[in-house]
Amino acid sequence: VHATDDQLVRRALGEPLPDLDRHTDECPACAGELAALAATVDVARAEGDAGLPPAPDAVWRRITDELGLAPERPVPLRPRVQQAGRWLLAGAAALVAGVVLAVGLPDRTPQTPATLLAPVPASGPVAPGATGQVRLAADRTLVVEAEGLPAPDGYYEVWLLDPDSGRMLALGTLGDDGTARLPVPEGVAVTDYPTVDVSVEQDDGDPTHSGVSALRAPVPT
Amino acid sequence: VTPLVSARRLDDDSALAEAFRAGDERALREAYERWSGLVHAFCRRSLPSAADAEEAAAQVFVSAWRGRHTFDPGRGSVCGWLLGIARNEVVGRHRKAARERELRESLAAALPRPAPSPDELVDRLLVADELARLTPEQRRAVGLAFFDDLTHEQVAAVMGLPLGTVKSHIRRGLTTLRRRLEVDRGARD
(Lines give C-alpha, C1' and ligand atoms only; values in the text may rest on other atoms or scores of the structure.)
Protein backbone atom coordinates (compact mmCIF):
# COMPACT_ATOMS: atom_id res chain seq x y z
CA VAL A 1 0.00 0.00 0.00
CA HIS A 2 1.46 3.35 -1.05
CA ALA A 3 1.53 6.49 1.07
CA THR A 4 -1.43 8.87 0.75
CA ASP A 5 -0.99 12.29 -0.84
CA ASP A 6 -1.84 13.83 2.49
CA GLN A 7 0.98 11.95 4.25
CA LEU A 8 3.47 12.89 1.56
CA VAL A 9 2.49 16.56 1.74
CA ARG A 10 2.77 16.64 5.53
CA ARG A 11 6.15 14.92 5.45
CA ALA A 12 7.38 17.28 2.72
CA LEU A 13 6.41 20.19 4.96
CA GLY A 14 8.48 18.70 7.77
CA GLU A 15 6.03 16.86 10.00
CA PRO A 16 7.68 13.80 11.55
CA LEU A 17 5.94 10.66 10.29
CA PRO A 18 8.08 7.64 11.25
CA ASP A 19 5.73 5.12 9.62
CA LEU A 20 5.99 6.98 6.33
CA ASP A 21 9.78 7.13 6.57
CA ARG A 22 9.88 3.35 6.98
CA HIS A 23 7.69 3.01 3.90
CA THR A 24 9.70 5.39 1.69
CA ASP A 25 12.89 3.54 2.67
CA GLU A 26 11.50 0.57 0.80
CA CYS A 27 9.32 2.17 -1.87
CA PRO A 28 11.15 4.11 -4.62
CA ALA A 29 7.88 5.43 -6.09
CA CYS A 30 6.76 7.11 -2.88
CA ALA A 31 10.33 8.22 -2.10
CA GLY A 32 10.47 9.91 -5.50
CA GLU A 33 7.16 11.68 -4.95
CA LEU A 34 8.26 12.82 -1.53
CA ALA A 35 11.58 14.13 -2.87
CA ALA A 36 9.83 16.16 -5.59
CA LEU A 37 7.36 17.66 -3.12
CA ALA A 38 10.07 18.40 -0.57
CA ALA A 39 12.21 20.08 -3.23
CA THR A 40 9.24 22.29 -4.16
CA VAL A 41 8.71 23.23 -0.52
CA ASP A 42 12.41 24.07 -0.15
CA VAL A 43 12.34 26.30 -3.21
CA ALA A 44 9.22 28.08 -1.97
CA ARG A 45 10.68 28.57 1.49
CA ALA A 46 13.93 29.94 0.06
CA GLU A 47 12.03 32.67 -1.76
CA GLY A 48 9.42 33.49 0.86
CA ASP A 49 6.01 35.00 0.40
CA ALA A 50 6.89 38.50 -0.77
CA GLY A 51 5.57 38.03 -4.31
CA LEU A 52 7.11 39.53 -7.41
CA PRO A 53 6.85 43.24 -8.13
CA PRO A 54 5.61 44.13 -11.62
CA ALA A 55 8.26 45.06 -14.18
CA PRO A 56 8.85 48.83 -14.38
CA ASP A 57 6.92 50.62 -17.15
CA ALA A 58 10.27 51.48 -18.78
CA VAL A 59 10.62 47.84 -19.83
CA TRP A 60 7.48 47.94 -21.97
CA ARG A 61 8.48 51.30 -23.44
CA ARG A 62 11.86 49.88 -24.46
CA ILE A 63 10.19 46.90 -26.13
CA THR A 64 7.76 49.00 -28.13
CA ASP A 65 10.54 51.46 -29.08
CA GLU A 66 12.80 48.66 -30.25
CA LEU A 67 10.10 46.82 -32.19
CA GLY A 68 8.36 49.93 -33.49
CA LEU A 69 5.02 48.99 -31.98
CA ALA A 70 2.29 51.27 -30.69
CA PRO A 71 3.22 52.10 -27.11
CA GLU A 72 -0.19 51.55 -25.51
CA ARG A 73 0.02 49.54 -22.38
CA PRO A 74 -0.88 45.89 -22.69
CA VAL A 75 -4.58 45.33 -22.56
CA PRO A 76 -5.33 44.16 -19.05
CA LEU A 77 -6.75 40.78 -19.98
CA ARG A 78 -5.41 39.51 -16.73
CA PRO A 79 -4.63 42.07 -14.08
CA ARG A 80 -1.32 41.63 -12.34
CA VAL A 81 -2.10 39.10 -9.74
CA GLN A 82 0.71 39.93 -7.40
CA GLN A 83 -0.96 43.24 -6.77
CA ALA A 84 -4.09 41.46 -5.74
CA GLY A 85 -2.39 40.34 -2.55
CA ARG A 86 -1.76 43.89 -1.52
CA TRP A 87 -5.29 44.79 -2.39
CA LEU A 88 -6.69 42.08 -0.21
CA LEU A 89 -4.82 43.60 2.70
CA ALA A 90 -5.93 47.09 1.76
CA GLY A 91 -9.46 45.81 1.46
CA ALA A 92 -9.46 44.82 5.08
CA ALA A 93 -8.50 48.33 6.07
CA ALA A 94 -11.41 50.20 4.58
CA LEU A 95 -14.40 49.64 2.43
CA VAL A 96 -15.88 52.36 0.31
CA ALA A 97 -19.58 52.66 0.92
CA GLY A 98 -21.65 52.19 -2.15
CA VAL A 99 -24.55 53.93 -3.68
CA VAL A 100 -25.30 57.54 -3.07
CA LEU A 101 -28.93 58.55 -3.13
CA ALA A 102 -29.63 60.79 -6.03
CA VAL A 103 -31.72 63.18 -3.96
CA GLY A 104 -32.05 66.57 -5.58
CA LEU A 105 -30.46 65.48 -8.82
CA PRO A 106 -32.48 65.99 -11.96
CA ASP A 107 -34.32 62.88 -12.98
CA ARG A 108 -32.38 61.15 -15.72
CA THR A 109 -34.45 58.29 -16.88
CA PRO A 110 -32.12 55.52 -17.93
CA GLN A 111 -32.10 55.04 -21.64
CA THR A 112 -30.70 51.55 -21.34
CA PRO A 113 -31.06 48.66 -18.95
CA ALA A 114 -28.21 48.53 -16.44
CA THR A 115 -25.41 45.99 -16.80
CA LEU A 116 -23.70 44.48 -13.78
CA LEU A 117 -20.15 45.14 -12.68
CA ALA A 118 -18.19 42.05 -11.68
CA PRO A 119 -14.72 41.69 -10.14
CA VAL A 120 -11.90 40.74 -12.52
CA PRO A 121 -10.30 38.37 -13.03
CA ALA A 122 -12.51 35.51 -11.90
CA SER A 123 -9.67 34.07 -9.80
CA GLY A 124 -7.61 36.29 -7.56
CA PRO A 125 -9.54 39.50 -8.21
CA VAL A 126 -8.26 42.91 -7.15
CA ALA A 127 -11.57 43.72 -5.48
CA PRO A 128 -13.32 40.48 -4.54
CA GLY A 129 -16.87 41.06 -3.40
CA ALA A 130 -17.22 44.41 -5.17
CA THR A 131 -20.37 44.81 -7.25
CA GLY A 132 -22.36 47.50 -8.91
CA GLN A 133 -23.98 48.52 -12.12
CA VAL A 134 -23.54 50.68 -15.17
CA ARG A 135 -26.19 52.34 -17.28
CA LEU A 136 -26.31 54.86 -20.06
CA ALA A 137 -28.56 57.84 -19.33
CA ALA A 138 -30.62 59.57 -21.99
CA ASP A 139 -28.09 62.41 -22.25
CA ARG A 140 -25.31 59.93 -23.13
CA THR A 141 -23.93 60.00 -19.60
CA LEU A 142 -22.45 56.73 -18.38
CA VAL A 143 -23.66 56.24 -14.82
CA VAL A 144 -21.40 53.99 -12.78
CA GLU A 145 -22.37 52.88 -9.28
CA ALA A 146 -19.90 50.53 -7.61
CA GLU A 147 -20.12 49.06 -4.14
CA GLY A 148 -17.62 47.32 -1.91
CA LEU A 149 -14.46 48.58 -3.61
CA PRO A 150 -11.48 48.72 -1.25
CA ALA A 151 -10.10 52.22 -0.61
CA PRO A 152 -7.61 52.56 -3.45
CA ASP A 153 -3.91 53.27 -3.17
CA GLY A 154 -4.45 55.94 -5.82
CA TYR A 155 -7.81 56.25 -7.53
CA TYR A 156 -10.27 54.39 -9.73
CA GLU A 157 -10.65 55.29 -13.39
CA VAL A 158 -13.46 54.32 -15.74
CA TRP A 159 -12.66 53.18 -19.28
CA LEU A 160 -14.48 52.04 -22.36
CA LEU A 161 -12.48 49.28 -23.94
CA ASP A 162 -12.45 46.67 -26.60
CA PRO A 163 -10.43 43.72 -25.29
CA ASP A 164 -10.11 42.24 -28.75
CA SER A 165 -8.50 45.19 -30.48
CA GLY A 166 -6.97 46.85 -27.43
CA ARG A 167 -8.72 50.17 -28.20
CA MET A 168 -9.59 52.07 -25.07
CA LEU A 169 -10.96 55.40 -23.98
CA ALA A 170 -10.61 56.97 -20.52
CA LEU A 171 -13.91 58.52 -19.40
CA GLY A 172 -13.01 59.83 -15.95
CA THR A 173 -12.52 58.94 -12.34
CA LEU A 174 -14.77 57.29 -9.82
CA GLY A 175 -15.80 59.43 -6.83
CA ASP A 176 -14.95 58.49 -3.24
CA ASP A 177 -18.44 57.04 -2.93
CA GLY A 178 -17.75 54.60 -5.78
CA THR A 179 -20.03 56.41 -8.24
CA ALA A 180 -19.56 58.63 -11.25
CA ARG A 181 -21.60 60.22 -14.03
CA LEU A 182 -19.36 60.49 -17.04
CA PRO A 183 -20.37 62.01 -20.37
CA VAL A 184 -19.45 59.88 -23.39
CA PRO A 185 -17.69 62.21 -25.86
CA GLU A 186 -19.59 63.35 -28.93
CA GLY A 187 -18.83 61.14 -31.91
CA VAL A 188 -17.89 58.09 -29.87
CA ALA A 189 -20.04 55.03 -30.55
CA VAL A 190 -20.28 53.05 -27.33
CA THR A 191 -20.93 49.96 -29.40
CA ASP A 192 -17.29 50.16 -30.54
CA TYR A 193 -16.29 49.39 -26.96
CA PRO A 194 -18.01 46.29 -25.61
CA THR A 195 -16.58 46.57 -22.08
CA VAL A 196 -16.73 49.11 -19.26
CA ASP A 197 -13.57 48.75 -17.15
CA VAL A 198 -12.75 50.21 -13.74
CA SER A 199 -8.98 50.32 -13.19
CA VAL A 200 -6.76 51.19 -10.26
CA GLU A 201 -4.50 54.10 -11.15
CA GLN A 202 -1.59 55.76 -9.40
CA ASP A 203 -0.85 59.48 -9.51
CA ASP A 204 2.30 58.78 -11.51
CA GLY A 205 1.84 61.12 -14.44
CA ASP A 206 1.20 58.20 -16.79
CA PRO A 207 -2.17 58.69 -18.50
CA THR A 208 -2.39 55.13 -19.82
CA HIS A 209 -4.20 52.20 -18.25
CA SER A 210 -2.25 50.78 -15.31
CA GLY A 211 -2.97 47.22 -16.32
CA VAL A 212 -4.75 46.64 -13.01
CA SER A 213 -8.49 46.20 -13.44
CA ALA A 214 -10.86 45.94 -10.50
CA LEU A 215 -14.30 45.66 -12.11
CA ARG A 216 -15.80 45.12 -15.52
CA ALA A 217 -19.24 45.23 -17.02
CA PRO A 218 -20.59 44.79 -20.53
CA VAL A 219 -21.25 48.20 -22.03
CA PRO A 220 -24.94 49.07 -21.61
CA THR A 221 -26.58 49.53 -25.01
CA VAL B 1 -4.65 43.12 -39.46
CA THR B 2 -7.32 40.63 -38.56
CA PRO B 3 -6.66 39.04 -35.19
CA LEU B 4 -6.14 35.32 -35.49
CA VAL B 5 -7.72 34.42 -32.22
CA SER B 6 -10.00 36.31 -29.90
CA ALA B 7 -8.31 37.94 -26.93
CA ARG B 8 -10.22 35.82 -24.49
CA ARG B 9 -8.82 32.65 -25.93
CA LEU B 10 -5.32 33.95 -25.35
CA ASP B 11 -5.89 32.99 -21.73
CA ASP B 12 -5.22 29.52 -22.91
CA ASP B 13 -1.49 28.79 -23.08
CA SER B 14 -1.38 26.90 -26.34
CA ALA B 15 -3.51 29.53 -28.06
CA LEU B 16 -1.13 32.17 -26.77
CA ALA B 17 1.86 30.21 -28.08
CA GLU B 18 0.21 29.79 -31.48
CA ALA B 19 -0.74 33.48 -31.74
CA PHE B 20 2.74 34.50 -30.63
CA ARG B 21 4.36 32.36 -33.30
CA ALA B 22 1.95 33.71 -35.88
CA GLY B 23 3.00 37.29 -35.08
CA ASP B 24 -0.20 38.48 -33.38
CA GLU B 25 0.94 41.56 -31.44
CA ARG B 26 -1.70 41.01 -28.82
CA ALA B 27 0.03 37.76 -27.93
CA LEU B 28 3.21 39.73 -27.23
CA ARG B 29 1.24 42.07 -25.00
CA GLU B 30 -0.39 39.17 -23.21
CA ALA B 31 2.94 37.38 -22.75
CA TYR B 32 4.38 40.61 -21.36
CA GLU B 33 1.42 41.05 -19.05
CA ARG B 34 1.78 37.54 -17.71
CA TRP B 35 5.52 37.08 -17.43
CA SER B 36 7.28 40.46 -17.41
CA GLY B 37 7.31 40.54 -13.60
CA LEU B 38 9.01 37.15 -13.55
CA VAL B 39 11.48 37.95 -16.31
CA HIS B 40 12.35 41.33 -14.84
CA ALA B 41 12.78 39.88 -11.34
CA PHE B 42 15.18 37.29 -12.75
CA CYS B 43 17.23 39.96 -14.55
CA ARG B 44 17.17 42.30 -11.58
CA ARG B 45 18.52 39.68 -9.23
CA SER B 46 21.16 38.50 -11.66
CA LEU B 47 22.55 41.85 -12.76
CA PRO B 48 24.16 44.57 -10.67
CA SER B 49 22.26 47.63 -11.88
CA ALA B 50 18.57 48.41 -12.21
CA ALA B 51 19.16 49.99 -15.61
CA ASP B 52 20.88 46.82 -16.88
CA ALA B 53 18.00 44.73 -15.59
CA GLU B 54 15.41 46.86 -17.40
CA GLU B 55 17.42 46.72 -20.60
CA ALA B 56 17.91 42.95 -20.30
CA ALA B 57 14.25 42.26 -19.50
CA ALA B 58 13.14 44.32 -22.51
CA GLN B 59 15.71 42.55 -24.67
CA VAL B 60 14.25 39.16 -23.66
CA PHE B 61 10.86 40.10 -25.09
CA VAL B 62 12.40 41.74 -28.15
CA SER B 63 14.50 38.62 -28.86
CA ALA B 64 11.52 36.36 -28.26
CA TRP B 65 9.39 38.40 -30.64
CA ARG B 66 12.03 38.53 -33.36
CA GLY B 67 12.78 34.83 -32.95
CA ARG B 68 9.17 33.78 -32.49
CA HIS B 69 9.32 31.33 -35.42
CA THR B 70 11.99 29.38 -33.50
CA PHE B 71 9.69 28.71 -30.58
CA ASP B 72 8.79 25.04 -30.52
CA PRO B 73 5.70 24.36 -28.36
CA GLY B 74 6.68 20.69 -28.30
CA ARG B 75 9.78 21.52 -26.30
CA GLY B 76 8.26 23.57 -23.54
CA SER B 77 6.02 26.43 -22.50
CA VAL B 78 6.23 30.06 -23.60
CA CYS B 79 7.16 30.99 -20.03
CA GLY B 80 9.98 28.44 -19.97
CA TRP B 81 11.18 29.67 -23.34
CA LEU B 82 11.26 33.29 -22.14
CA LEU B 83 13.19 32.24 -19.05
CA GLY B 84 15.68 30.36 -21.21
CA ILE B 85 16.22 33.52 -23.28
CA ALA B 86 16.54 35.51 -20.05
CA ARG B 87 19.25 33.15 -18.81
CA ASN B 88 21.22 33.53 -22.01
CA GLU B 89 20.81 37.30 -21.88
CA VAL B 90 22.11 37.44 -18.31
CA VAL B 91 24.99 35.05 -18.97
CA GLY B 92 25.99 37.06 -22.04
CA ARG B 93 26.04 40.26 -20.02
CA HIS B 94 28.14 38.68 -17.31
CA ARG B 95 30.65 37.47 -19.88
CA LYS B 96 30.82 40.89 -21.49
CA ALA B 97 31.29 42.57 -18.13
CA ALA B 98 34.03 40.09 -17.27
CA ARG B 99 35.84 40.71 -20.57
CA GLU B 100 35.71 44.46 -20.06
CA ARG B 101 36.96 44.11 -16.53
CA GLU B 102 39.84 41.88 -17.62
CA LEU B 103 40.87 44.40 -20.22
CA ARG B 104 40.74 47.16 -17.66
CA GLU B 105 42.42 45.40 -14.81
CA SER B 106 44.44 42.84 -16.76
CA LEU B 107 43.81 40.29 -14.09
CA ALA B 108 41.27 37.53 -13.93
CA ALA B 109 38.43 39.16 -12.10
CA ALA B 110 35.93 36.91 -10.45
CA LEU B 111 32.53 37.00 -12.10
CA PRO B 112 29.95 38.66 -9.96
CA ARG B 113 28.34 35.35 -9.26
CA PRO B 114 24.71 35.72 -8.48
CA ALA B 115 23.77 33.71 -5.46
CA PRO B 116 21.69 31.58 -5.91
CA SER B 117 22.60 30.04 -9.28
CA PRO B 118 20.45 31.00 -12.29
CA ASP B 119 18.66 27.63 -12.14
CA GLU B 120 17.81 28.02 -8.48
CA LEU B 121 16.76 31.60 -9.06
CA VAL B 122 14.45 30.61 -11.92
CA ASP B 123 12.88 27.95 -9.72
CA ARG B 124 12.39 30.30 -6.82
CA LEU B 125 10.85 33.03 -8.94
CA LEU B 126 8.56 30.57 -10.71
CA VAL B 127 7.27 29.34 -7.38
CA ALA B 128 6.83 32.89 -6.09
CA ASP B 129 4.92 33.79 -9.26
CA GLU B 130 2.71 30.74 -9.01
CA LEU B 131 2.04 31.35 -5.31
CA ALA B 132 0.70 34.77 -6.24
CA ARG B 133 -1.69 33.12 -8.72
CA LEU B 134 -3.32 30.76 -6.23
CA THR B 135 -6.77 31.73 -5.03
CA PRO B 136 -6.56 33.98 -1.96
CA GLU B 137 -7.77 31.24 0.40
CA GLN B 138 -5.42 28.64 -1.05
CA ARG B 139 -2.56 31.07 -0.89
CA ARG B 140 -3.23 31.87 2.74
CA ALA B 141 -3.40 28.19 3.68
CA VAL B 142 -0.20 27.41 1.79
CA GLY B 143 1.53 30.44 3.28
CA LEU B 144 0.66 29.46 6.84
CA ALA B 145 1.87 25.90 6.26
CA PHE B 146 5.02 26.83 4.33
CA PHE B 147 6.26 30.02 5.88
CA ASP B 148 4.77 29.98 9.36
CA ASP B 149 5.36 26.24 9.75
CA LEU B 150 1.87 25.60 11.05
CA THR B 151 0.48 22.05 10.99
CA HIS B 152 -2.64 21.37 8.95
CA GLU B 153 -4.66 21.40 12.17
CA GLN B 154 -3.25 24.78 13.20
CA VAL B 155 -3.93 26.24 9.75
CA ALA B 156 -7.53 25.03 10.00
CA ALA B 157 -7.88 26.66 13.41
CA VAL B 158 -6.30 29.95 12.29
CA MET B 159 -8.42 30.19 9.15
CA GLY B 160 -11.61 28.86 10.69
CA LEU B 161 -11.95 26.26 7.94
CA PRO B 162 -12.67 22.53 8.13
CA LEU B 163 -9.52 20.39 8.25
CA GLY B 164 -10.50 18.66 5.01
CA THR B 165 -10.67 21.98 3.17
CA VAL B 166 -7.27 23.03 4.48
CA LYS B 167 -5.72 19.69 3.53
CA SER B 168 -7.05 20.01 0.04
CA HIS B 169 -5.89 23.66 -0.31
CA ILE B 170 -2.36 22.77 0.77
CA ARG B 171 -2.17 19.60 -1.28
CA ARG B 172 -3.49 21.30 -4.40
CA GLY B 173 -1.35 24.36 -3.80
CA LEU B 174 1.81 22.29 -3.49
CA THR B 175 0.89 20.20 -6.52
CA THR B 176 0.32 23.38 -8.54
CA LEU B 177 3.70 24.78 -7.55
CA ARG B 178 5.43 21.53 -8.40
CA ARG B 179 3.74 21.32 -11.80
CA ARG B 180 4.71 24.91 -12.58
CA LEU B 181 8.34 24.05 -11.85
CA GLU B 182 8.16 21.02 -14.09
CA VAL B 183 6.45 22.84 -16.96
CA ASP B 184 8.11 26.24 -16.97
CA ARG B 185 11.72 25.72 -15.99
CA GLY B 186 13.81 27.63 -18.51
CA ALA B 187 15.89 25.87 -21.11
CA ARG B 188 18.95 24.53 -19.34
CA ASP B 189 22.37 23.95 -20.75
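This is a short dialogue on how some labels in a predicted model are justified.

Student: Why is the pair of B:Phe20 and B:Trp65 called edge-to-face?

Tutor: Look at distance and angle. The centres are 5.2 Å apart, and the cut-off for a pair is 6.5 Å. The planes meet at 85°. Edge-to-face needs over 60 degrees, so the label fits.

Student: What makes this pair a tie between parts of chain B?

Tutor: B:Phe20 lies in helix H1, residues 13–22, while B:Trp65 lies in helix H3, residues 50–66. The two parts are 45 residues apart in sequence, so the pair ties them together.

Student: Why is the pair of B:Phe71 and B:Trp81 called tilted?

Tutor: The ring centres are 4.9 Å apart, with the planes at 45°. Stacked needs under 30 degrees and edge-to-face over 60. The angle of 45° fits neither, so the pair is tilted.

Student: How do you know that B:Phe71 and B:Trp81 are buried?

Tutor: Buried means under 20% relative accessible area. B:Phe71 has 2%. B:Trp81 has 17%. Both values are under the cut-off, so both residues count as buried.

Student: What links B:Phe20, B:Trp65, B:Phe71 and B:Trp81 into a cluster?

Tutor: Ring pairs do.

Student: How do you know that B:Arg68 is close enough to lie over the face of B:Trp65?

Tutor: B:Arg68 is 4.2 Å from the ring centre. The distance limit is 6 Å, so B:Arg68 passes on distance. The label also needs an angle within 35 degrees of the ring normal. B:Arg68 is listed as lying over the face.

Student: Now chain A. What makes S2 and S6 the edge strands of the sheet?

Tutor: The open sheet has 5 strands in the order S2-S9-S8-S5-S6. S2 and S6 each pair on one side only.

Student: How do you know that S8 and S9 of chain A pair?

Tutor: Count the bridges. Pairing takes at least two. S8 and S9 have 5, in the antiparallel sense, so they pair. In S9, A:Ser213 is the bridge partner of A:Ser199.

Student: Why is the contact between A:Glu66 and B:Arg66 called a salt bridge?

Tutor: The closest N and O atoms are 3.4 Å apart. The limit is 4 Å, so the contact qualifies. The count between chain B and chain A is 7 salt bridges.

Student: How much area do the two chains bury between them?

Tutor: About 4,900 Å², with 62% of it on carbon and sulfur atoms. B:Arg29, B:Tyr32 and B:Glu33 supply 16% of the area that chain B buries against chain A. No other three residues supply more.

How values were computed. Residues are numbered from 1 along each chain as its sequence is written. Chains are lettered from A and ligands numbered from 1 in the order in which they are written. This is a predicted model: local features need pLDDT of at least 70, side-chain atom pairs count only at pLDDT 80 or more; totals for chains, interfaces and linings use all residues. Side-chain values use heavy atoms; hydrogens and water are left out. Rings of Phe, Tyr and Trp (its six-membered ring) pair if their centres lie within 6.5 Å; planes under 30 degrees apart count as stacked, over 60 as edge-to-face and the rest as tilted. Helices (H or I, at least four residues) and strands (E, at least two) are DSSP runs, numbered from the N terminus. Buried means under 20% relative accessible area, exposed over 50%, partly exposed in between (1.4 Å probe, protein chains only). Buried area is the accessible area (1.4 Å probe) that two parts lose on being put together, summed over both. A salt bridge is a side-chain nitrogen of Lys or Arg within 4 Å of a carboxyl oxygen of Asp or Glu.
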